[in-house]
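Colleague: Could you take me through one part of this model in detail, and then set it beside the other strand and helix pairings? I would like one connected account.

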Amino acid sequence: MSHPVALAPPRAAYLHIPFCRRRCFYCDFPISVVGEFKTFRDRPDQPPEPATGRNSPQIIEYLAALEREITLGADRAAADQPPLETVFFGGGTPSLLAPEQVDRLLQLLDRRFGLASQVEISMELDPGTFDRAWLAGFLAAGVNRISLGVQAFQSELLAACGRSHGVQDIEQAVALLQAARVKNWSLDLISGLPNQSIDQWQASLDRAVACGPAHLSVYDLIIEPQTVFDRRYQPGDRPLPSDEQTAQMYRMASQTLQAAGFQHYEVSNYAQSGFQCRHNRTYWENRPYYGFGMGATSYVAGQRFGRPRTRAAYYDWLNNGAIEPPASPQSAPDRLAETLMLGLRLAEGLALEPLRREFGTVWVDRVLQCLDRFVAEGWVVRSGDRLALAEPDGLLFSNSILAEIFSTLEQEPSQ
């Protein structure tokens, strides 16, 4: 059975900018550390400069490779490729790039793919990595949505995470966004940090609201393998908050942010009316997208492909023709599981009739049957032809619900 949404040409592109001045203690992303400052052998008498795309040979080399991959991707695109409706600069720390480098990448995308007239161009910025001129340059290049990586408003928590910025950097970054009259900007926070108290979390939520973003992303700390936190802490043990405390933090976020006028539209995301992240909805709605750069994943013609996660391997892959190996076709249960895993992250959930048409009544009914006990508990809501997770506990315990769905779909239905 065909699945036309997955086979449609992508209208979104993600660009991975993997460079950071240091690696945060919770981070397992594919990144390269360039250090806080750049020194120059030919100018030993000069003070070091902050490391940026203008003075870092690693960044300059990488951007040349990234442009090669974008060009190859455009050469292989379908003849009926529509213009891109969303572009996302993620990382890493994309704000280490100079404005002219961002402009060059966007011009390349426009020439090779086209950018729609109302394109959303998002860029992640870290406090302490940009000033007024840098921000003005990003906006002039076409960036029209900013995601500010704050994480916490307490200096001791920022230090405990290994973040390179402090509270003063956050305040300066917010002031710059406000002075530039950026309307569409988001602020990131993390709950469940080591030694983070309930009172600190409430203070961060309140301060975030006071900063006036149009969007907020609130993530619960996950201890990823081979990170600094993985070497230091065991999940559930002090100084990490308990499961009960992190659940309380999740509910606090939902209550505080909705009371402030934000819609809780996805498990970890809140937006004022009209400011949901269009690019990220591409992922949750399981629509195709291009991924460019080290470690990036693309979803094109019904197939997902991840690029090498180190610069050396990524350059080798490019030099060998950037071949994407053929993937095995997904079974209907696997595609259904993927669709549910992504779509149920959205508060609006999923319509059931399209699922039945694409995956068959037998599989969809099996999923609904396995969810009956979660409906009884009030975690899952069936309203007419829609299936959704309840606010807030259904979204809070989404992993448990999805695990039950996956287990069900691994079993062959009886005939």
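Colleague: To begin with a single position, which residue in E12 does leucine 216 stand opposite?

Modeller: Bearing in mind that this is a predicted model, the residue opposite leucine 216 is tyrosine 270 in E12. That pair belongs to the antiparallel pairing of E10 with strand E12 (residues 269-271), in which 3 bridges join the two strands. On another side of the description, E10, which spans residues 215-220, pairs in the parallel sense with strand E9 (residues 185-191), and this pairing extends over 6 bridges. Within it, serine 191 has aspartate 220 of E10 as its bridge partner. E10 is thus described by a parallel pairing with E9 and an antiparallel pairing with E12. The connection is also defined, for E9, helix H7 (residues 198-211) and E10 make up a β-α-β unit that is right-handed. When reading the side chains along these strands, it helps to recall that in a regular strand they alternate between the two faces of the sheet.

A separate strand arrangement is the open sheet of 3 strands, whose order is E16-E18-E17 and whose pairing is antiparallel. Strand E16 (350-351) and strand E17 (380-383) each have a single partner strand and stand at the edges, so one side of each is left without a neighbour in the sheet. Between E16 and strand E18 (residues 386-389) there are 2 bridges, with the strands running antiparallel, and leucine 350 has leucine 387 in E18 as its bridge partner.

The helix contacts can be read in a similar way, since two packed helices are described by the angle between their axes and the distance between the axes. Helix H13 (residues 352-359) and helix H14 (residues 361-370) have axes that come within 7 Å and cross at roughly 135°, which makes H13 oblique to H14. H13 contributes Leu352, Leu355, Arg356 and Phe359 to the contact, while H14 contributes Thr361, Trp363, Val364, Asp365 and Leu368; by character these residues divide into 6 nonpolar, 1 polar and 2 charged.

For helix H3 (residues 99-112) and helix H4 (residues 132-141), the packing angle is about 10° and the axes lie 8 Å apart, and the two helices are therefore roughly parallel to each other. Their contact is formed by Pro99, Val102, Asp103 and Leu106 on H3 together with Trp134, Gly137, Phe138 and Ala141 on H4, a group made up of 6 nonpolar, 1 polar and 1 charged residue.

Methods:
Residues numbered from 1 in each chain as written. Predicted model: local features only at pLDDT ≥ 70, side-chain atom pairs only at ≥ 80, totals over all residues. Heavy atoms only, no water. Pairing = 2+ DSSP bridges. Helix = DSSP H or I, 4+ residues; strand = E, 2+ residues; numbered from the N terminus. Axes fitted to C-alpha atoms, helices over the stretch in contact; angles between N-to-C directions. Parallel < 35°, antiparallel > 145°, perpendicular 65-115°, else oblique. Contact = heavy atoms within 4.5 Å. Nonpolar A, V, L, I, M, F, W, Y, C, P; charged D, E, K, R; others polar. Right-handed = clockwise from strand over helix to strand, strands pointing away.
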